[in-house]
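Open the model in your viewer and keep the selection panel at hand. Each stop says what to pick and what to look for.

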Amino acid sequence: IIFIFILGSLLSSFLSGCLLLAKYYLTDIPSPPELSTWQTGSVNIVSYKNSLNIGITEEGLYLSFIFIMRLFDPPLLIPWEKISKAGINSFDEYEIYVDIPIFPNSPTILRLPKKSLENAEKNFRK
């Protein structure tokens, strides 16, 4: 059972693009004081139900996962300038495009709940 969990977690991290995001945006800063915990969202095609922690700092968007998911999905701090596009989609959630240096024409797409990012809206407007 443990092997299956580890394999599933690795596959999920690979398919979502979190492994690639971690290569560029890995962070060891403590969680921001205003952290929305146990949120549901998605990274590319992988949905994370009630397992995301979302925070906002002056430097960027902070994402971490609940403890059990952190094996292959470490905390991330995505600088505001690496967000190429953001807006509200038809499901009333933020759709955020994150630039990856190695794939400049193929951004990673984050879909995060609107309520967890309302304070950051000013940072998305360019």
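Colour by secondary structure and trace the chain from the N terminus: the order is α-α-β-β-β-β-β-β-β-α-α. That makes 4 helices and 7 strands. Keep in mind that this is a predicted model.

**Whole chain**

Switch on the surface. About 7,500 Å² is exposed, and carbon and sulfur atoms supply 61% of that area. Of the 126 residues, 44% are buried. Now turn to contacts with a separation of 6 or more: 47% of them come from residues 24 or more positions apart.

**Stop 1: Tyr 24 and Tyr 25**

Select the two rings. The chain has 2 aromatic pairs, and Tyr 24 with Tyr 25 is one of them. Their centres are 6.4 Å apart, and the planes meet at 55°. The pair counts as tilted because its angle falls between the 30 degree limit for stacked and the 60 degree limit for edge-to-face. Which of these neighbours is buried, and which is partly exposed? Tyr 25 is buried, at 5% relative accessible area. Tyr 24 is partly exposed, at 31%.

**Stop 2: Thr 57**

Go to the loop between strand E2 (46-56) and strand E3 (60-65); Thr 57 lies there. Is this loop residue buried or exposed? Thr 57 has a relative accessible area of 14%, so it falls under the 20% cut-off and counts as buried. Show what surrounds Thr 57. Leaving out residues up to four places away in sequence, it touches Ile 29, Pro 32, Leu 77 and Trp 80.

**Stop 3: Glu 95**

Move to strand E6 (residues 93-100) and select Glu 95. Its relative accessibility is 17%, which means it counts as buried under the 20% limit. What does the side chain of Glu 95 meet in polar contacts? One partner is the side chain of Tyr 97, at 2.9 Å. Another is the side chain of Asn 89, at 3.4 Å.

Now display the other neighbours. With residues up to four places away in sequence set aside, Glu 95 touches Lys 85, Ala 86, Gly 87, Asn 89, Ile 109, Leu 110 and Arg 111. Asn 89 thus appears both in this list and as a polar partner.

**Stop 4: Lys 85 and Tyr 97**

Keep Glu 95 on screen and add Lys 85 and Tyr 97. Lys 85 lies over the face of Tyr 97, 4.8 Å from the ring centre. Both residues link back to the previous stop: Lys 85 touches Glu 95, and the Tyr 97 side chain makes a polar contact with the Glu 95 side chain.

Definitions and conventions: Residues are numbered from 1 along each chain as its sequence is written. This is a predicted model: local features need pLDDT of at least 70, side-chain atom pairs count only at pLDDT 80 or more; totals for chains, interfaces and linings use all residues. Side-chain values use heavy atoms; hydrogens and water are left out. Helices (H or I, at least four residues) and strands (E, at least two) are DSSP runs, numbered from the N terminus. Buried means under 20% relative accessible area, exposed over 50%, partly exposed in between (1.4 Å probe, protein chains only). Contact means heavy atoms within 4.5 Å. Accessible areas come from the Shrake-Rupley method with a 1.4 Å probe; for residues, only the protein chains shown count as cover. Rings of Phe, Tyr and Trp (its six-membered ring) pair if their centres lie within 6.5 Å; planes under 30 degrees apart count as stacked, over 60 as edge-to-face and the rest as tilted. A charge sits over a ring if NZ of Lys or CZ of Arg is within 6 Å of the ring centre and within 35 degrees of the ring normal. A polar contact is a pair of N or O atoms within 3.5 Å; within protein, one must be able to donate a hydrogen and the other to accept it, and residues adjacent in sequence count only if both atoms are side-chain atoms.
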